[in-house]
Amino acid sequence: GDKLDRVHTLSRPKGRTGGVSDIKYSPRTADNPGGGRFLAVGSHDNVVDVYDAQKGYSLVGTCKGHSSFITCLGWSADASTLFTNSGDYELLYWNAPKGDQIKRGSDCKDVAWDGWTGVLGFQTTGVWYKGS
């Protein structure tokens, strides 16, 4: 089976003091068959920082736009898009790894996701009571 070869300590950007709420590596892709090229770290600082594991876990992007803490995040199957949910029930989408916000959520309705762990999203339509 898989074994842990090395543990890295991430240097968080200056001003990040909130706890980490979700963390996920990017999935396997044709360009990166081993998976795990990027690491997305969601926090109570209302942002997701994206690190490049192939470059010593250097910070390569920040998804900034939520008005509450990050509750969960996820990658598209091709590792080009991230989704995030926040404590105020917001669902946002981002171009990965840089973190530019995709302003129209409908642009992501047909994206193939590497699983879905979010509470909110097209995949959960019909789960919530009307008006909730």
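**Notes on the salt bridges**

1. Searching the whole structure turns up four salt bridges. Keep in mind that this is a predicted model. Three of the pairs are worth a walk-through here.

2. Start with Asp-49 and Arg-16, which form a salt bridge whose closest N and O atoms sit 2.8 Å apart. Asp-49 belongs to strand 3 (residues 47–52) and Arg-16 to the segment before strand 1 (20–25), so this pair ties together parts that are 33 residues apart in sequence. As for its surroundings, Asp-49 counts as buried, because its relative accessibility of 3% falls under the 20% cut-off.

3. Next, have a look at Arg-37 and Asp-52, whose side chains meet in a salt bridge at 2.8 Å, N to O. This one also links distant parts of the chain: Arg-37 is in the loop between strand 1 and strand 2 (38–43), while Asp-52 is in strand 3, and 15 residues separate them. The two partners fall into separate accessibility classes: Asp-52 is buried at 2% relative accessibility, whereas Arg-37 is partly exposed at 24%.

4. Then there is the pair Asp-22 and Lys-24, with side chains that meet in a salt bridge of 2.8 Å, N to O. Which of these two is buried, and which is partly exposed? Asp-22 is the buried one, with a relative accessible area of 14%. Lys-24 has a relative accessible area of 22% and is therefore partly exposed, since buried means under 20%.

5. To pull the acidic partners together: Asp-49 is buried, Asp-52 is buried and Asp-22 is buried. On the basic side, Arg-37 is partly exposed, and Lys-24 is partly exposed.

Terms used:
Residues numbered from 1 in each chain as written. Predicted model: local features only at pLDDT ≥ 70, side-chain atom pairs only at ≥ 80, totals over all residues. Heavy atoms only, no water. Helix = DSSP H or I, 4+ residues; strand = E, 2+ residues; numbered from the N terminus. Buried < 20%, exposed > 50% of the residue type's maximum accessible area, 1.4 Å probe, protein only.
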